[in-house]
Amino acid sequence: MTSRIKNFPGTSLSEKDFDESKVLFVHDELKADYAWDTGVGIGAYLAGLKRGVILGSRCNHCRKVVVPPRTVCEWCFHPMNDFVPVKGTGMINTFSLCYVTWDVKRITEPEIPAVIMLDGASELSESSVIMGGIMHKLGEVDPQKVHIGMRVQAVWKPEPEREGSITDILYFKPIGNE
Amino acid sequence: MRKVAVIGAGMTKFVRRALETPKELSWEAAKMALDSCELTMDNIEATCFGTAPDAFDGVHLNGEYASDGAGGWGKPFMRSYVGGGTGVFNAAQGWYHVASGMFDLVLVVAEEKMSSFYPHAQAAFLTIFDHTTERALKPNLLWIFALEMNRYMTTYGVKKEEIARVSVQHKRNAADHPCALLGEPDITVEDVLKSETLAWPVQRFDVSPVSDGAVALVLAAEHVAKRLTSKPVWIEGVGWHLDTAYWTNRDLVYPRYIEYAAKMAYDMAGIKEPRKEIHIAEPYDPFDYKALHHLEGLQLADRGKAVELYINGTAARDGNMPVCPSGGLLGVGNPIAAAGLMKIAELFWQLRGEAGARQVPGQPKRGVAQAWGDLMQVGTVVVMGR
């Protein structure tokens, strides 16, 4: 059928068509303000961060410890209300050197997002599921030297400045002479 | 369950920015699909519509909003939305409308207009991250892909210059697609490796483009399909599956959710040895490494070995199992929901022998299309055959 059709519909516009007012358009901004309750699991997580502790939740049925905390175990659908501290240290599961901001602005010094596997969370040997994996950024590190498997530790904001947010951890930095 | 056939397909060009609205794009694709099997809207009993987040359009309940163009008025109409997985799921949705016995003729329309979000659709993706634990870090959609790609490459020792072959082959294939946005007949691995680094290891040409476009199909129950066409293409199996919403807890190396979705579809289609029984694969390829990831999840390659299909020619249009002969999202474009349904339309045209310059030789009998999405954990799979 595609072989029988010569002209497909769809009219391509360029940025120039807008700049030169060749097409009519309406520009508007939507206002959308929210105040999200943090809930039970993440509420405990944020309260922990304010104290300088990373919490996970433990399933008393299948005995997994996962981060971030939650109230139900996805694996066995039992309650997971036992919030337990994991360590502020871990290993880089993966990372990126990112030269674009969230709203597509170019930057020369890369941001270094990473998934960090925190010590003290469960490990499943038969798969690569990352029970204690959280997303954060890396700092105090040469971008060219970052590698998967690198040991890192959380760098916290000074206590009086913490507000119960994931940004109470400023970033993770390499441990020792890594 | 009743047998269900695709009997017609239509699509618009995929462009960076379309003059037409979502309603207008939907209408163009739907009209072409109906015309292709000589039906009118009066024959259609229900409409399944697919479009990705309302955030792109800035319109709440975008399915209902676009329903007039999609042919939704005056009949059972429902929009499905599973992120990037929507387009392929949309066909599965149409399938169960007909297979269940409720409807004999169903229109399936998938549309996406990403360009309205200003200045770049990328920023709309911020809201897919968890608002409390992640958004405060100002994440970028590219992060997830870059993080997953790095993990994949490092675990299996796959090199960037190998992965770039995927982008090259798909963009070259797209040069033969009349609707393609980024068909590049002469692109080379070197061009990909020299393109701008966005979020290492992801570079500009590793990524599919933001696009506008629409695709539509007409589905029919067996007894109707046989009256309307001598060349029905059957939907032989459908599958879908979800991984954890905590993406940082997920296995970033292997997409188990694709495996489970594929097994569901293969079981339904009676496929026991997918590598022998699947003649054409249209895995979801918003990024080049994702095609590899998905080929492994679809059981069409061993883990970490999918790139060999590109190196040894198996994946080429004239290879033993062509991969993305359409040109894929990397070449044709990525108007999210429409891009997934484009893969189904491609299998329809290929299996009927109507794909023109893109036609895979050897009269292929069976193909698989797959998409992936939501917070990167939905797998949707459709097997088609003639």
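Two residues are in contact if their C-beta atoms, placed from the backbone, lie within 7 Å. The exercises below concern a predicted model.

**Exercise 1.** Determine how compact chain B is for its length.

*Solution.* Step 1: take the inventory of secondary structure; chain B has 15 helices and eleven strands. Step 2: compare the radius of gyration with the globule rule. The value for chain B is 19 Å, close to the 21 Å that the rule gives for 386 residues, so chain B is as compact as a globular protein of that length. Step 3: add the dimensions and the burial. The C-alpha trace spans about 55 × 45 × 40 Å along its principal axes, and 65% of the 386 residues of chain B count as buried. Step 4: consider the contacts along the sequence. Of the contacts in chain B between residues at least 6 apart, 78% join residues at least 24 apart.

**Exercise 2.** Describe the side of chain A that touches chain B, and state which element supplies its largest share.

*Solution.* Step 1: count the residues on both sides; 46 residues of chain A are in contact with 54 residues of chain B. Step 2: identify the contributing strands. In chain A, β4 (89-95), β5 (97-100), β7 (113-118) and β8 (133-137) each supply at least two residues of this side. Step 3: find the largest share, which is that of β8(A), with five residues. Step 4: sort the residues of this side of chain A by character, which gives 26 nonpolar, 17 polar and three charged.

**Exercise 3.** Establish the strand order of the open sheet that contains β5(A) and β5(B), and name its edge strands.

*Solution.* Step 1: begin where the two chains meet. β5(A) pairs with β5(B), residues 197-200, in the antiparallel sense over two bridges; B:Trp200 in β5(B) is the bridge partner of A:Leu97. Step 2: continue within chain B. β5(B) also pairs with β6(B), again antiparallel and over two bridges, and B:Ala199 has B:Val202 of β6(B) as its bridge partner. Step 3: assemble the sheet. Its four strands follow the order β6(A)-β5(A)-β5(B)-β6(B), with antiparallel pairing. Step 4: locate the edges. These are β6 (106-111) of chain A and β6 (202-203) of chain B, each of which pairs on one side only.

**Exercise 4.** State which strands helix α6 of chain B lies across, and at what angle it runs to β5(B).

*Solution.* Step 1: locate the helix, which covers residues 141-156 of chain B. Step 2: list the strands beneath the description: β5 of chain A, together with β5 and β6 of chain B. Step 3: give the direction; α6(B) runs at about 60° to β5(B).

Conventions. Residues are numbered from 1 along each chain as its sequence is written. Chains are lettered from A and ligands numbered from 1 in the order in which they are written. This is a predicted model: local features need pLDDT of at least 70, side-chain atom pairs count only at pLDDT 80 or more; totals for chains, interfaces and linings use all residues. The radius of gyration is taken over C-alpha atoms; the globule rule is 2.2 Å times the number of residues to the power 0.38. A residue is buried if 20 or more other C-beta atoms lie within 10 Å of its own, exposed if 12 or fewer, and partly exposed in between; C-beta atoms are placed from the backbone. Ala, Val, Leu, Ile, Met, Phe, Trp, Tyr, Cys and Pro count as nonpolar, Asp, Glu, Lys and Arg as charged, and the others, Gly among them, as polar. Two strands pair if DSSP finds at least two bridges between them. Axes are lines fitted to C-alpha atoms, for helices over the stretch in contact, and angles run from 0 to 180 degrees between N-to-C directions.
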